[in-house]
Amino acid sequence: MSEQPLLQVHNLKTYFYTEDGVMPSVDGVDFDLHEGETLAIVGESGCGKSVTSLSIMGLVQCPPGKIEAGEILYHGKDLLKISKKEMRSIRGNEISMIFQEPMTSLNPLLTIGYQLTEGLRRHHGMSKAEAHATAVSYLEKVGIANAEERMKQFPFQLSGGLRQRIMIAMMMSLQPRLLIADEPTTALDVTIQKQVLLLLNRLKQDMKTGILFITHDLGVVAQIADRVIVLYSGSKVEEGATRQIFENPLHPYTNGLIAAVPNVDSDEFEIRPIPGTFPSLTEEIGGCRFHPRCPYATERCRQEVPQALEYEPGHFVACHKVEEENK
Ligand code: SF4
């Protein structure tokens with residue numbers, strides 16, 4: 001892992017202005033991502049993980065969204081301060097994103113073959129024949145049979161699962177420096193999911209690609225991530241190496257997420273949901289935003305926002321209880 005981070009996000013605040021009020025979807029998030037590293041961002045739906053990735057890609061729709069504060073440094077360059085043209089060029093050449101919904105990236109009017117080869121020819125200077133052979137090999141790598149036939153088809157002729165794999169093949173074939181993958185394997189069956197995770201791992205090792213992996217699935221996190229950040233209601237509540245997060249989760253929310261994962265090795269195959277419901281982001285909640293759901297909440301938790309403290313090297317947590325127990 002190199003010294004200089006590939007990506008540094010500082011105090012990112014992305015708000016949405018709706019009829020119901022202001023939604024601080026991302027509210028002061030910080031993290032670094034190095035080359036050749038996979039960082040997972042985890043949390044329930046609405047925690048701010050997808051808005052974080054859209055903010056990095058410069059794809060937050062304004063209005064209603066707006067990046068109110070922060071820095072997004074890619075190789076030291078602030079992506080929030082560059083022109084739209086420069087951002088488009090970085091997006092095409094160096095940063096790729098795999099979306100949860102493949103039709104966001106695939107053009108319904110163009111064949112799969114055209115869409116796969118176009119980027120390879122434009123960004124990697126390949127000949128038509130080279131681009132075709134590379135595209136077919138990537139389709140095969142993501143487990144697509146009859147790849148030559150698929151190249152001639154249009155997206156509407158394919159199932160959702162196939163379109164998702166095609167999009168993954170397309171993004172991986174471009175060998176980006178930074179890959180943002182937003183729930184990329186959620187719609188795939190377990191075998192194909194494993195295959196895709198292996199390929200992403202290979203991309204990271206061989207090409208030193210930095211991968212930001214957005215997911216609510218902790219099983220996938222354990223298979224792919226080097227480090228993890230846990231978001232709750234727009235804020236980072238815990239960060240650490242994957243081993244630290246799984247072996248010694250400190251924040252009550254992280255504990256709840258891990259306890260909610262079904263344990264397939266145990267006789268007791270039980271999903272234990274985290275008590276309470278995820279708050280509406282427009283709802284004013286003082287102090288720790290997790291306090292209405294936290295079994296350890298005290299008066300201090302209701303009044304004072306907890307600050308992140310380094311509990312052990314590289315393992316940060318924002319919780320009054322952990323702070324008081326480790327004074
Ligand atoms: Fe629970 Fe308080 Fe910690 Fe928030 S700060 S997670 S309410 S113990």
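Is Phe154 buried, partly exposed or exposed, and at what relative accessibility? Phe154 comes out as partly exposed, because its relative accessibility is 27%. Keep in mind that this is a predicted model.

**The overall picture**

Let's step back to the whole chain for a moment. The protein has 327 residues and a radius of gyration of 21 Å, which agrees with the value near 20 Å for a compact globule. Its C-alpha atoms fill a box of roughly 65 × 55 × 45 Å along the principal axes. Twelve helices and twelve strands make up the secondary structure count. Of the 327 residues, 48% are buried.

Contacts across the sequence are worth a look too. Among contacts with a separation of 6 or more, 63% involve residues 24 or more positions apart. On the outside, the protein exposes about 15,800 Å², with carbon and sulfur atoms supplying 51% of that area.

**Aromatic pairs**

Now for the rings. The model has four aromatic pairs. One of them joins Phe154 and Phe156, and because the planes are at 20°, under the 30 degrees cut-off, this pair is stacked. Phe156 has 61% relative accessibility, so Phe156 counts as exposed, while its partner Phe154 is partly exposed.

Tyr232 and Phe290 make an edge-to-face pair, with 80° between the planes. Where do these two residues lie? Tyr232 is in strand S9 (residues 227–232), whereas Phe290 is in the loop between helix H10 (252–259) and helix H11 (299–303), so the pair ties together parts that are 58 residues apart in sequence. Tyr232 and Phe290 are both buried. Ring pairs also bring in Tyr253, giving a cluster of Tyr232, Tyr253 and Phe290.

Here are the two pairs side by side.

| Pair | Centre to centre | Angle between planes | Geometry |
|---|---|---|---|
| Phe154 and Phe156 | 6.2 Å | 20° | stacked |
| Tyr232 and Phe290 | 5.0 Å | 80° | edge-to-face |

**Lysines over rings**

Tyrosine rings turn up with lysines as well. Which ring does the charged end of Lys321 sit over? That ring belongs to Tyr296, and the charged end of Lys321 is 4.3 Å from its centre. Elsewhere, Lys141 lies over the face of Tyr138, at 4.3 Å from the ring centre.

Definitions and conventions. Residues are numbered from 1 along each chain as its sequence is written. This is a predicted model: local features need pLDDT of at least 70, side-chain atom pairs count only at pLDDT 80 or more; totals for chains, interfaces and linings use all residues. Side-chain values use heavy atoms; hydrogens and water are left out. Rings of Phe, Tyr and Trp (its six-membered ring) pair if their centres lie within 6.5 Å; planes under 30 degrees apart count as stacked, over 60 as edge-to-face and the rest as tilted. Buried means under 20% relative accessible area, exposed over 50%, partly exposed in between (1.4 Å probe, protein chains only). Helices (H or I, at least four residues) and strands (E, at least two) are DSSP runs, numbered from the N terminus. A charge sits over a ring if NZ of Lys or CZ of Arg is within 6 Å of the ring centre and within 35 degrees of the ring normal. The radius of gyration is taken over C-alpha atoms; the globule rule is 2.2 Å times the number of residues to the power 0.38. Contact means heavy atoms within 4.5 Å. Accessible areas come from the Shrake-Rupley method with a 1.4 Å probe; for residues, only the protein chains shown count as cover.
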